[in-house]
Amino acid sequence: MFANILISEINMNDNSRRGFMGKAFGGVAAVGAVASLFAMKRSWDPLPSVKAAGFTTLDMLGYKENELVTEKWRGKPIFVLKYTEEMLEAMDEAQKPRVITVGEASYLVTLGLCTHLGCIPSYEKEDKSFACACHGGTYDIVGNVTKSPPPRALDIPPFTIKGNTLVLGEVGPEWLKMKENGLTL
Amino acid sequence: MKELFILGVVTVFTLVTYYLVEPFAHHTLHKHVESEAFAYNDLSAITKVGDAARGEELVMGAGACTGCHSINAVGISAPMDAVSSAAAYGVNPPDLSNAGVVYDEKFLNALIKNPAHALAVEHKFDANIGEMHPMIPFYGAGGDIDQEVADMVTYLQSISVSSEDLTPAMAFENACGRCHGLKYNQWTQIGNKGSFKHKRDELSFDIQVLDYKDSLKAYMGKLPPDLSMYIRSRGEHYISTFVENPQNYFEGTSMPRVGVSADTAEKVIEYLKDAGDTKRDEREETGKYVMIYIIIFAIFSVLWKKQVWRDLH
Amino acid sequence: MANFTKATSIYDWLNQRLAIEKVEKVLGSEYWIPKNINFLWAMGMILVVTFVLLLVSGIFLLMYYQPNVDTAFDSVNFTIMREVGYGWLWRHVHGVAASVVFLIIYIHMFTGIYYGSYKKGREMIWISGMLLFVAFSAEAFSGYMLPWGQMSYWAGMVITNLFAGGSLHADGLVEWIRGDYVPAQAFLTRFFMLHVLLVPLAIIGLIGLHFGALRIPHVNNLDGEEIDFEAESKKYLAGDKAGSKVIRFSNDFMSKDMMVVGFYLVFFFYLVFYHYGFAMDPVNFDPADGLKTPAHIYPEWYFLWSYEILRPFSTDIGLMAFAFSQVIFVALPFLDRSPNAVPASRRGLFKYWFWAMLIDMIALTAMGKLPPEGAFSTIGFVAAVVFIGLWIALPIITYFEKKV
């Protein structure tokens with residue numbers, strides 16, 4: 001009742017003020033709407049528990065030469081391949097920087113997802129290469145692309161070397177160097 | 001008439017699209033393997049007439065079958081339980097009670113003499129470099145080996161149930177169920193899970209299954225998949241030709257040729273249908289009535305339209 | 001305050017309060033539709049019927065479906081398919097309807113393109129229709145995630161990866177959409193929410209807009225003729241039903257629609273009971289496994305044409321071509337510069353444009369499923385280039401079109 005009287009008062013006395021208050025009210029409502037959008041955006045964010053589960057420790061002594069092992073990190077497959085002496089000797093300068101050395105041995109450690117659209121390539125033991133069945137891309141022994149469509153080499157997950165173990169998800173100096181040299185994302 | 005022509009155009013374009021994305025694409029994407037009707041043409045047939053009594057002696061004696069296999073039908077139980085057997089051999093050796101009806105005669109003949117060859121896993125078990133199949137070949141008991149094997153096969157056939165009495169579940173459990181679980185029928189690699197009064201009994205059963213699966217995984221390279229929905233995910237033809245010889249599809253796969261008879265294969269398929277396409281009979285039955293109803297519905301819709309439009313033309 | 005009198009019947013009682021007589025006239029008996037139409041004008045009603053089938057079957061699936069990564073697959077394939085009474089029926093109806101609805105949408109769209117039903121005041125009908133197409137695509141995609149089979153998982157992986165924007169590497173955005181580094185629990189539950197609530201709400205709202213957009217410009221007819229609905233409806237009401245160029249929405253138009261619906265339902269239920277395989281990919285009967293990609297990953301048939309536009313190019317160009325193909329149809333009323341709103345057969349070069357577009361999209365659809373090798377790869381590339389070329393050519397050829 002009171003509100004009705006107030007509004008009719010304003011209507012009668014000051015039309016421009018009604019217009020202004022209408023806009024001001026609209027503005028206040030918009031602030032609330034935008035603020036709630038922030039809350040909505042946050043609700044879609046990955047949960048803290050999901051983020052915390054983002055570290056995986058690999059014991060590098062347990063791998064056999066030329067035998068691809070698929071580990072799991074953040075729900076994604078990780079390829080670990082221990083290189084043989086012959087493989088290391090046959091590498092050229094473009095391949096060597098991607099080799100990860102832990103202790104005595106050298107390894108390939110990459111995300112096992114094709115950089116094209118995320119399928120899992122398979123390791124061809126004889127050819128010493130990776131082939132993606134989805135769109136026909138292939139990679140060499142260090143994960144460099146040998147046949148498109150993949151736009152870049154297999155990604156190397158962030159890692160740090162601790163003794164004979166490799167911690168995935170933690171950024172170490174070796175990985176940082178690779179990233180700076182543009183070997184991985 | 002023009003309307004019928006337009007309908008024709010719409011139909012043709014729809015069918016062309018359908019043909020390209022379904023039959024044509026499937027034909028291109030998937031390898032087609034013709035069935036040989038479980039003839040096992042690469043294996044040689046039994047030429048001798050077997051004698052069940054002598055076969056029994058060999059199975060129990062010189063053949064040493066019962067050293068690993070149980071024959072429940074004649075009261076011989078397994079030397080070890082399923083989990084320990086799997087730990088020893090990789091997989092639990094099958095009970096031989098119905099082997100004579102579940103497996104093909106030619107296959108049994110070849111299996112006893114050379115398991116890795118009959119099972120088509122010679123790429124995995126190469127005797128020349130000391131990789132022996134866990135089932136030891138029968139080298140003969142001093143006489144004619146062909147005759148001896150024929151006797152053993154005849155004995156196994158003599159103790160088996162008749163093929164009419166072999167149920168789909170028996171066929172599946174013996175031929176497939178020691179490697180493949182089928183959880184929609186409560187089947188695990190070590191038997192039916194059944195129900196448990198106490199949680200701890202259930203957990204202890206589950207642990208046995210896990211132990212078994214670990215041995216199996218080490219033996220096969222990966223855990224053989226659960227087959228609950230295989231009838232929908234692979235279809236009858238694929239399963240049938242795959243079982244006939246897995247090498248047809250995946251060269252180098254560690255799944256052995258199981259050597260089932262054509263009749264057993266049909267029963268296995270039926271079992272898988274009961275698991276993954278349980279309501280197929282109800283679907284057929286309901287389908288009939290719904291089609292009859294919907295045609296009546298369509299007829300009435302035409303009649304109504306005709307009545308309403310009588311004045312409009 | 002309106003004047004209420006003692007009601008003489010339930011109808012009268014309701015009429016005083018809800019004006020149902022007037023509502024019935026506005027929506028039905030005095031909503032005028034041109035008489036000069038064919039069965040293609042019934043696609044709207046078929047879509048309504050199919051949407052209702054989806055809604056009803058979906059409600060019953062919802063009673064037993066569990067949006068949990070550990071139980072989703074079994075709740076569908078064991079509980080619904082084996083245990084729930086007629087659960088298999090709801091699932092087959094839902095799956096087949098989800099596929100067939102796109103066939104009808106495409107027929108509906110190409111009918112609109114052929115007869116120029118997006119011109120002369122009908123632009124909003126077209127635009128709201130294209131928004132419905134987008135909403136239905138979102139609904140289909142989110143629904144495809146729910147059984148949590150291999151195709152659900154990998155389609156979810158590949159499609160959400162598109163949001164990384166190629167060289168932009170917006171991995172944060174992809175993870176934000178998924179709520180995890182890979183499709184997992186958060187992903188399944190949010191797509192479940194989208195599928196059963198948010199997107200259906202949007203669809204229902206857009207259907208209202210689509211129908212509303214029809215009121216002022218009216219339904220188009222076979223010749224694109226501008227009908228004086230006022231005069232023609234007077235003629236009809238005066239008794240000259242045969243001479244009038246318009247008919248009532250109900251029951252005149254309705255009865256014809258329902259006849260087509262009758263034939264359609266025979267086709268539909270035949271598919272549900274005897275030929276459902278095309279709508280339920282076998283690969284999706286394998287439970288989701290993040291460590292094993294299926295040998296071939298392809299979307300459902302109705303997305304194949306846009307998938308194929310993505311595929312033959314390098315990542316960035318592919319994404320741009322894909323984005324182009326997703327939005328370009330909305331702009332059709334503005335790219336068509338011709339003043340003619342008549343069937344394509346009477347429209348010079350546009351006639352060829354129409355059939356070329358249709359055939360090109362079918363070629364893209366076919367190549368989208370086939371492995372991208374050899375001749376298929378080449379045909380796919382050519383078809384994708386032709387698709388883009390046709391859209392670039394459209395304003396030019398229609399600008400020079402002669403007025404009929």
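**Notebook: three chains, who touches whom**

I started with the chain pairs: of the 2 that touch, B and C share the most contacts. I count two residues as in contact if their C-beta atoms, placed from the backbone, lie within 7 Å. This is a predicted model, so I note that local features need pLDDT of at least 70, side-chain atom pairs count only at pLDDT 80 or more, and totals for chains, interfaces and linings use all residues. Residues are numbered from 1 along each chain as its sequence is written, with chains lettered from A and ligands numbered from 1 in the order in which they are written.

**Entry 1: B against C**

I looked up both sides: chain B puts in 40 residues and chain C puts in 44 residues. On the chain B side, helix 1 (2-29), helix 10 (230-233) and helix 13 (280-309) each give at least two residues. Helix 13 of chain B has the largest share, 15 residues. My helices (H or I, at least four residues) and strands (E, at least two) are DSSP runs, numbered from the N terminus. Sorted by class, the side of chain B that touches chain C holds 22 nonpolar, 10 polar and 8 charged residues. For the classes, Ala, Val, Leu, Ile, Met, Phe, Trp, Tyr, Cys and Pro count as nonpolar, Asp, Glu, Lys and Arg as charged, and the others, Gly among them, as polar.

**Entry 2: chain A's contacts**

I found no contact joining chain A and chain B; their closest C-alpha atoms are 12 Å apart. Chain A does meet chain C, through 23 residues of chain A and 22 residues of chain C. Helix 7 (150-161) and helix 8 (171-178) of chain C each bring at least two residues to the chain C side. Helix 7 of chain C has the largest share there, 3 residues. I get 11 nonpolar, 7 polar and 4 charged residues on that side of chain C.

**Entry 3: chain B as a whole**

I see 13 helices and 2 strands in chain B. Its radius of gyration is 26 Å, whereas a compact globule of 313 residues would come out near 20 Å. That radius is taken over C-alpha atoms, and the globule rule is 2.2 Å times the number of residues to the power 0.38. The C-alpha atoms of chain B fill a box of roughly 100 × 50 × 35 Å along the principal axes.

I checked burial too: 35% of the 313 residues in chain B are buried. Buried means 20 or more other C-beta atoms within 10 Å of a residue's own, exposed means 12 or fewer, and partly exposed is in between, with C-beta atoms placed from the backbone.

The domain assignment splits chain B into domain 1 (1-30), domain 2 (31-278) and domain 3 (279-313). The bounds come from an automatic or database domain assignment. The C-alpha centres of domain 1 and domain 2 of chain B are 45 Å apart.

**Entry 4: chain C's domains**

Chain C has domain 1 (40-297) and domain 2 (304-404), with C-alpha centres 23 Å apart. I find 19 residues of domain 1 in contact with 16 residues of domain 2. On the domain 1 side, helix 5 (87-114) and helix 6 (123-145) of chain C each supply at least two residues. Helix 6 of chain C gives the most, 4 residues.

**Entry 5: cores**

The largest nonpolar core has 132 residues, and Val109(A), Ala97(C), Val261(C) and Leu364(C) have the most contacts inside it. Such a core is a set of buried Ala, Val, Leu, Ile, Met, Phe, Trp, Tyr and Cys residues joined through C-beta atoms within 7 Å. Helix 11 (residues 249-274) of chain C gives the most to this core, 12 residues. A second, separate core of 57 residues includes Ala171(B), Met229(B), Ala265(B) and Tyr271(B).

I followed Val261(C): leaving out residues up to four places away in sequence, it touches Ser301(B), Ala42(C), Met45(C), Ile46(C) and Val49(C).

**Entry 6: strands in chain A**

Strand 2 (residues 69-73) and strand 3 (residues 76-82) of chain A pair antiparallel over 5 bridges. I call two strands paired if DSSP finds at least two bridges between them. Glu71(A) stands opposite Ile78(A). The hairpin of these strands has 2 residues between them, and Arg74(A) takes a positive phi near 50 degrees.

I also found an open antiparallel sheet of 4 strands in chain A, in the order 6-7-8-9. Strand 6 (122-124) and strand 9 (145-147) are its edges, each pairing on one side only.
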